[in-house]
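Q: I would like a close look at one part of this structure. Please take a single strand and its partners, then place that part in the rest of the chain.

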Amino acid sequence: MELRVLQYFLAAAREENITKAAALLHITQPTLSRQLMQMEEELGVKLFRRGKHNILLTEEGMLLRRRAQEIVDLAEKAAKEVKREEEMVLGEISIGCGETQNMKPLSEMIASFRQKYPDVSFNIYTAIADDVKERLENGVLDMGLLLEPVEVSRYHYLRMPLREKWQVLMRRDFQLAEKQKITPGDLEGIPLIMAKRQSVRNELENWFGHDKEKLDIVSTCNLSHHNQSIMVESGIGVALVMEFACSQDTLCLRPLDPEIESGCVLVWKKNLTLSLAMQRFLEYVKEYLTEKENLEE
């Protein structure tokens, strides 16, 4: 299957319309239709459900879309890397990140690194740790900024400086908002919005102890604070989240008692051939973190 045909497929899936996709690809509508039909014949499955005015992906099409995007991203990344001149530090570094306050020191490192190497660009992909790790394994991402608990035996890693504290996000008019800290007993029978990742769920459920049998989990979320805030504001329940800068007047955060803290690590695959840009960035990150640690001692 040619890379060009995968790009055709992705355009059609994105636009949900053959004519619009063909125009964006600068090819004719019959040519695109023929290419997509040949792809279906080659794979032996239907990728699209065709209507009068639009096309929608089948389940098989949705699976192919995910893999096709990874292949196209990887091809583009490889092309950028092989074009660099031997002694020039340039190219793109792709980093997968969870929602974490450690994006602040990472952003500071990126900003100051680019002052020295302005020809290096960064691609930031936001997702939960499991998704980031899968993309690291596939070679689509170079590095991952992962919240613990997370299995890191397959990676080199650097520990980030900030500790993440778990909090309860609730409406200001909610009954528990009067409390300074929230205990496991306080949340008994309260509708909860919790993290979807199982390792995180396990840690939170351990905090509840024997009270976990009385939890009323109404929803799970992989990301994001924005969506969780909307759900809480709508009265669905309260959310267990990492501490963040909540700017909404109608909502508030309350810490857990006993508190739960999570670390954060910057990881990259072992036995990976690093681009020159990656080598220089890792050297810079190690120096930055060492200096910060020395200043805090």
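A: What follows starts with strand S3 and works outward.

This is a predicted model. Strand S3 covers residues 91-97. Is S3 buried or exposed? Seven of its seven residues are buried. The cover holds on both faces. One side carries Gly91, Ile93, Ile95 and Cys97, and these are buried. The other side carries Glu92, Ser94 and Gly96, and these are buried too.

Next come the partners. Strand S4 (residues 120-126) runs parallel to S3, and seven bridges join the two. Gly91 of S3 has Val120 as its bridge partner in S4. Strand S5 (residues 143-147) also pairs with S3 in the parallel sense, here over three bridges. On that side, Cys97 has Leu145 of S5 as its bridge partner.

The link from S3 to S4 includes a helix. Helix H5 (residues 103-116) joins with S3 and S4 in a β-α-β unit. The unit is right-handed.

Now follow S5 onward. The loop between S5 and S6 holds Pro149. The peptide bond between Glu148 and Pro149 is cis, with omega about 5 degrees. A second cis bond joins Asp257 and Pro258, with omega about 0 degrees. Pro258 sits in the loop between strand S11 (251-255) and strand S12 (261-262). Most peptide bonds are trans.

Strand S6 (155-159) leads to the largest pocket, since S6 and helix H9 (276-296) each supply at least two residues of its lining. Its volume is about 250 Å³. The lining has 15 residues. Arg159, Met160, Pro161, Leu289 and Glu293 lie nearest the centre. H9 gives the largest share of the lining, six residues. What kinds of residue line the pocket? The lining divides into seven nonpolar, two polar and six charged residues.

Charged pairs are a further feature of the chain. It has 17 salt bridges. One of them joins Arg50 and Glu40, at 3.2 Å from N to O. This pair links distant parts of the chain, with Arg50 in strand S1 (residues 48-50) and Glu40 in helix H3 (residues 29-43). The two are 10 residues apart. Glu40 is buried, because its relative accessible area of 6% is under the 20% cut-off. Arg50 is at 43%, so it counts as partly exposed.

Another bridge stays inside one helix. Arg201 and Glu205 both lie in helix H7 (residues 198-208). They are four residues apart, about one turn of the helix. Their closest N and O atoms are 3.7 Å apart, and the two form a salt bridge. Arg201 is buried, with a relative accessible area of 16%. Glu205 is buried as well, at 18%. Elsewhere, salt bridges with shared partners join Arg66, Arg67, Glu70 and Glu134 into one network.

Lys179 and Asp186 form a salt bridge too, with closest N and O atoms 3.7 Å apart. Lys179 is partly exposed, at a relative accessible area of 31%.

Some contacts span the sequence. Glu137 lies in helix H6 (residues 129-138). Glu137 and Trp268 are 131 residues apart in sequence, and their C-alpha atoms are 9.6 Å apart in space. Glu137 has 30% relative accessibility, so it counts as partly exposed.

Two loop residues deserve a look for their backbone angles. Most residues other than glycine have a negative phi. His26 has a positive phi of about 60 degrees although it is not a glycine. His26 is in the loop between helix H2 (18-25) and H3. Is His26 buried or exposed? His26 is exposed, because its relative accessible area is 73%, over the 50% cut-off. Asn271 has a positive phi as well, near 60 degrees. Asn271 is in the loop between strand S13 (264-269) and H9. Asn271 is exposed, with a relative accessible area of 82%.

Last, the whole chain. It has nine helices and 13 strands. Its C-alpha atoms fill a box of roughly 65 × 55 × 35 Å along the principal axes. Of its 297 residues, 45% are buried. S3 belongs to that buried share, with seven of its seven residues covered.

Technical notes. Residues are numbered from 1 along each chain as its sequence is written. This is a predicted model: local features need pLDDT of at least 70, side-chain atom pairs count only at pLDDT 80 or more; totals for chains, interfaces and linings use all residues. Side-chain values use heavy atoms; hydrogens and water are left out. A salt bridge is a side-chain nitrogen of Lys or Arg within 4 Å of a carboxyl oxygen of Asp or Glu. Buried means under 20% relative accessible area, exposed over 50%, partly exposed in between (1.4 Å probe, protein chains only). Two strands pair if DSSP finds at least two bridges between them. A crossover is right-handed if, with the strands pointing away from the viewer, the path from the first strand over the helix to the second runs clockwise. On a 1 Å grid over the protein atoms alone, a cavity is a set of points where a 1.4 Å probe fits but cannot get out, and a pocket is an open set with protein on both sides within 12 Å along at least five of seven lines; lining residues have an atom within 4 Å of a point. Grid points are joined across faces, edges and corners, and a volume is the space filled by probe spheres set on the points. Ala, Val, Leu, Ile, Met, Phe, Trp, Tyr, Cys and Pro count as nonpolar, Asp, Glu, Lys and Arg as charged, and the others, Gly among them, as polar.
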